[in-house]
Amino acid sequence: MELLSENKVFGGWHRRYQHQSEATRCQMTFAVYLPPFASKENPVPVLYWLSGLTCTDENFMQKAGAMKLAAKLGMAIVAPDTSPRGEGVADAPDGAYDLGLGAGFYVNATQAPYAQHYQMYSYITEELPALIESSLPVTRERAISGHSMGGHGALVIGLRNPNRYVSVSAFSPISNPSDCPWGKKALSAYLGDDQAVWAQYDAALLLAEHKHEIPLLVEQGTSDQFLHEQLKPEALLSAAQKSDTQLTLNMHDGYDHSYYFIASFIDEHLEYHAAHLGLI
């Protein structure tokens, strides 16, 4: 890993790293917050944060206000980029923000021209944790969260890998991408037209399949401009009821899709994950 920058904050360190990824076949950047006293002798558990459309590794770290409580709890936070980047990495043909660069949707693409680099599911679930755990003072105890497209990614990854994560949460997730414009556009471009393949990356469909034991927490603002057309949290609720899976869905009057919403409730999510990670 190449250290790009570091800043001391709340007694710990915010660092940005770059490395050559085998999964995405390009240089990938991620940010990590290491709380005070994290060391080889005292490794700490990790919360992985997946960001939304157009974001990079920087958005959450700069806007969410999570590091003060993470320092107190003794929790590391890792925030990867949202897609492959660099020369030769395919973008949306029309430069749209909801496909291509900044919009990896946390899938393993199978369709040209995206299949070569857009292997974000494997990167997040396998390569990045292995790199983090071999190079930084962290344990193998993991939780996962995210926002919007990243909320979709966190839910899908957590539901498909319950032995890898102790808890899952999401802010304003794309809950049912098989049935919304953002999701249909991305899934068809990355995975082709077979909707049975899409189902592997659809949280509502995965949740409805059978009862899941992994804890799920979702926050949603009622004034979110994408609520009804793109996010559809009611699909998650219906799926959880169908499979008898415990899901906590908190609706918040007046809140929108922005990082102001995330910053308002991030402490509750950090404490939720900390409890499942055994920190409190």
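Which side chains are joined by a polar contact of 3.4 Å? In this predicted model, the two partners are Ser 135 and Ser 134. Ser 135 has its place in helix H3. Its relative accessibility is 39%, so Ser 135 counts as partly exposed. Ser 135 can also be set against Val 168. The two residues are 33 positions apart in sequence. In space, their C-alpha atoms are 24 Å apart.

The cysteines were examined next. A disulfide is a covalent bond between the sulfur atoms of two cysteines. A search of the whole structure finds 0 disulfides. Cys 55 takes part in none, and its nearest cysteine sulfur, that of Cys 180, is 17 Å away. The cut-off for a disulfide is 2.5 Å between the sulfur atoms. Seen from Cys 180, the closest cysteine sulfur is in Cys 55, and the distance of 17 Å is too far for a bond. Both cysteines are enclosed. Cys 55 is buried, with a relative accessible area of 8%. Cys 180 is buried as well, at 1% relative accessibility.

Cys 55 also appears in the lining of the largest pocket. Rolling a probe the size of a water molecule over the atoms shows where empty space is left. The largest pocket holds about 160 Å³ of space. Its lining includes the run Gly 52, Leu 53, Thr 54 and Cys 55. Tyr 97, His 147 and Ser 148 line the pocket too. The remaining lining residues are Trp 182, Phe 226, His 257 and Tyr 259. How does this lining divide by class, into how many nonpolar, polar and charged residues? There are 6 nonpolar residues and 5 polar ones, with no charged residues.

Helix H4 covers residues 149–160. This helix has 12 residues. From its first C-alpha to its last, H4 reaches 17 Å. That is close to the 16 Å expected at 1.5 Å a residue. Why is H4 described as largely enclosed by the rest of the structure? The reason is that 11 of its 12 residues are buried. Among them are the glycines Gly 150, Gly 151, Gly 153 and Gly 158. Met 149, His 152 and Ala 154 are buried too. So are Leu 155, Val 156, Ile 157 and Leu 159.

Asn 161 is found in the loop between H4 and strand S7 (168–171). Asn 161 is buried, with a relative accessible area of 14%. Its side chain makes a polar contact with the side chain of Tyr 121, at 2.8 Å.

Two further buried residues can be paired with residues elsewhere in the sequence. His 212 has its place in the loop between helix H7 (203–209) and strand S8 (216–221). Its relative accessible area is 9%, so His 212 is buried. His 212 and Asp 244 are 32 residues apart in sequence. Their C-alpha atoms are 8.1 Å apart in space. Leu 191 lies in helix H5, which covers residues 181–191. At 5% relative accessibility, Leu 191 is buried. Leu 191 and Tyr 114 are 77 residues apart along the chain. The separation of their C-alpha atoms is 9.2 Å.

The backbone was then searched for unusual geometry. Most residues other than glycine have a negative phi, and most peptide bonds are trans. Which residues does a cis peptide bond join? Ala 112 and Pro 113 are joined in this way, with omega about 0°. Pro 113 is found in the loop between strand S5 (76–80) and helix H3 (120–135). Phe 105 has its place in the loop between S5 and H3 too. Although Phe 105 is not a glycine, its phi is positive, about 60°. Is Phe 105 buried or exposed? At 0% relative accessibility, Phe 105 counts as buried. Phe 10 also has a positive phi, near 50°, and is a residue other than glycine. Phe 10 lies in the loop between strand S1 (2–9) and strand S2 (12–21). Its relative accessible area is 47%, so Phe 10 is partly exposed.

Conventions
Residues numbered from 1 in each chain as written. Predicted model: local features only at pLDDT ≥ 70, side-chain atom pairs only at ≥ 80, totals over all residues. Heavy atoms only, no water. Buried < 20%, exposed > 50% of the residue type's maximum accessible area, 1.4 Å probe, protein only. Helix = DSSP H or I, 4+ residues; strand = E, 2+ residues; numbered from the N terminus. Expected span 1.5 Å × (residues − 1). 1 Å grid on protein atoms, 1.4 Å probe; cavity = no way out; pocket = protein on both sides within 12 Å on 5 of 7 lines; lining within 4 Å. Points joined across faces, edges and corners; volume = space filled by probe spheres on them. Nonpolar A, V, L, I, M, F, W, Y, C, P; charged D, E, K, R; others polar. Polar contact = N/O pair within 3.5 Å; in protein donor to acceptor, adjacent residues only side chain to side chain.
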